[in-house]
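Please work through the following exercises with the sequence and the model side by side. Each task is followed by a solution that goes step by step.

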Amino acid sequence: MSFNKSKEIIEEGDVVILYLKPSNMHSLEVKAKILNKKGEEIDNVFQTVYGALKVFSLVGQKYGSKVELSRGWAYVLQPTPELWTQILPHRTQIIYSPDISLIIYLMELRPGSIVIETGTGSGSLSHSLIRTIRPSGHLYTFDFHEQRVSLASAEFNRHGLSNYVTLKERDVCVEGFGEELKHKVDAVFLDLPHPWLAVEHAIVTLKRTGGKLCFFSPCIEQVQRTCTELSLKGFIELNTYECLQREMKVHYKSLPVLDLECLKYKHTHEDMAQRNEKEKQEEKLLTVTHAHSLPGHTGFITIATFPPDHARK
Ligand SMILES: C[S@@+](CC[C@H](N)C(=O)[O-])C[C@H]1O[C@@H](n2cnc3c(N)ncnc32)[C@H](O)[C@@H]1O
């Protein structure tokens with residue numbers, strides 16, 4: 001239940017993140033017993049590169065605390081959508097946190113928003129959408145892949161999020177989003193190979209007061225084709241973004257100190273020699289440099305507005 005609300009103490013049934021280092025994190029369900037491959041019930045012991053952890057021993061510990069493993073230690077963290085995106089089992093390509101933040105901002109989501117998402121895929125975006133719109137909003141998420149739907153549904157249950165999400169197995173390009181969502185929705189998000197085929201179906205779900213449609217596509221040809229369809233169907237304010245991260249590192253570094261005083265005067269060779277000598281002096285200065293290289297293109301995010309009934313031509 002720990003995805004649902006902020007907690008201090010770990011309880012039985014929580015999902016926690018075991019943090020060994022940024023590139024080595026695991027999600028664990030805090031229960032005493034698990035089933036092995038033969039279907040037999042065994043003690044829930046989790047193996048890491050620093051030894052084993054009896055998972056049930058986490059009950060009563062504080063979130064954020066350091067826990068002992070048989071050959072080292074790790075931190076036990078409360079799960080967040082950002083951490084989940086880093087460790088979730090990939091069943092599809094997923095959307096990562098920098099793109100997710102831009103998507104949520106562009107769709108103007110907030111607690112209470114009613115949102116459609118398709119396809120659900122691995123549920124990476126879904127977790128962030130749910131955190132943004134709860135407790136009074138709702139996410140309707142669709143995917144036509146049976147196994148992905150049932151795995152995502154089990155995850156939402158395990159994470160205590162099922163009250164905020166309705167998951168349906170459906171080909172939205174053929175069947176649409178259903179009568180029950182007609183004019184109920186604030187925003188529709190599409191992560192599909194053919195988003196243009198879902199535009200007409202999306203329109204009927206948007207509130208009469210208007211709404212947003214956002215889609216994520218890796219290729220510019222998909223963007224062009226969908227934008228053409230959006231314009232034809234009356235969408236306005238179309239904008240496409242590519243979210244590229246450029247991380248800068250702030251740290252102390254030894255740099256030569258330039259003495260530019262000499263530029264004020266006529267100088268001889270001797271002066272220049274003295275000046276070069278001075279330049280060799282170094283000082284530790286606070287500097288900003290590029291950090292390690294980060295992933296580049298993931299996809300294009302396009303946002304469009306559907307005007308309210310009275311403002312439509
Ligand atoms: C790239 S994945 C979505 C990943 C997801 N946004 C995430 O962050 O985890 C695309 C998903 O769309 C689903 N899909 C493709 N076409 C569809 C359609 N016409 N109707 C419903 N789902 C569809 C696929 O089964 C796949 O799971």
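**Exercise 1. Determine how many residues of β17 are buried, and find the partners of this strand.**

Step 1. Five of the seven residues of β17 are buried, so that this strand is mostly covered; a residue is buried if 20 or more other C-beta atoms lie within 10 Å of its own, exposed if 12 or fewer, and partly exposed in between, with C-beta atoms placed from the backbone. Strands (E, at least two residues) and helices (H or I, at least four) are DSSP runs, numbered from the N terminus.

Step 2. This is a predicted model, in which local features need pLDDT of at least 70 and side-chain atom pairs count only at pLDDT 80 or more, while totals for chains, interfaces and linings use all residues. Residues are numbered from 1 along each chain as its sequence is written.

Step 3. Strand β13 (residues 211-217) is joined to β17 (residues 300-306) by seven bridges, and the two run antiparallel; two strands pair if DSSP finds at least two bridges between them. Within β17, Ala304 stands opposite Leu213, and Phe306 is the bridge partner of Gly211.

Step 4. β14 is also antiparallel to β17, with five bridges between them, and here Thr240 has Thr302 of β17 as its bridge partner.

**Exercise 2. Give the strand order of the open sheet of seven strands, and state which strands stand at its edges.**

Step 1. The order is β11-β10-β9-β12-β13-β17-β14, and the pairing is mixed. Strands of a sheet pair through backbone hydrogen bonds, either parallel or antiparallel.

Step 2. The edges are β11 (165-169) and β14 (236-242); each has a single partner strand, so one side of each is left without a neighbour in the sheet. From one strand to the next, the twist averages 15°, where axes are lines fitted to C-alpha atoms, for helices over the stretch in contact, and angles run from 0 to 180 degrees between N-to-C directions.

Step 3. Helix α2 (residues 97-106) lies across β12 (187-190), β13, β14 and β17, and runs at about 10° to β17. Helix α3 also packs on the sheet, where α3 touches β9 (114-118), β10 and β11 and makes about 160° with the direction of β10; two residues are in contact if their C-beta atoms, placed from the backbone, lie within 7 Å.

**Exercise 3. Explain why α3 is largely enclosed by the rest of the structure.**

Step 1. Nine of the 10 residues of α3 are buried, so this helix is largely enclosed; among them are Ser124, His127, Leu129 and Ile133.

Step 2. The buried residues of α3 pack against α1 (81-87), α2, β9, β10 and β11.

**Exercise 4. Identify which residues come nearest to the ligand, and follow Gly119 into its surroundings.**

Step 1. There are 22 residues around the ligand, and Gly119, Gly121, Ser122, Ser124 and His145 come nearest; a residue is near a molecule if its C-beta atom, placed from the backbone, lies within 6 Å of it. The elements that give two or more residues to this shell are α3 (124-133), β10 (138-143) and α5 (172-175).

Step 2. By class, the shell holds nine nonpolar, nine polar and four charged residues.

Step 3. Gly119 has its place in the loop between β9 and α3, and because Gly119 has 22 C-beta neighbours inside 10 Å, this residue counts as buried. Leaving aside neighbours within four places in sequence, Gly119 is in contact with Phe142, Asp143, Asp191 and Leu192.

**Exercise 5. Describe the division into domains and the side of domain 1 that touches domain 2.**

Step 1. The chain is divided into domain 1 (9-79) and domain 2 (84-244 + 295-311), and the C-alpha centres of the two domains lie 33 Å apart.

Step 2. Six residues of domain 1 are in contact with five residues of domain 2. Strand β2 (residues 24-29) supplies four residues, the largest share of the side of domain 1 that touches domain 2.

Step 3. β2 belongs to an open sheet of four strands with antiparallel pairing, in the order β2-β1-β8-β7, where β2 and β7 (66-69) are the edge strands.

How values were computed
Nonpolar A, V, L, I, M, F, W, Y, C, P; charged D, E, K, R; others polar. Domains from an automatic or database assignment.
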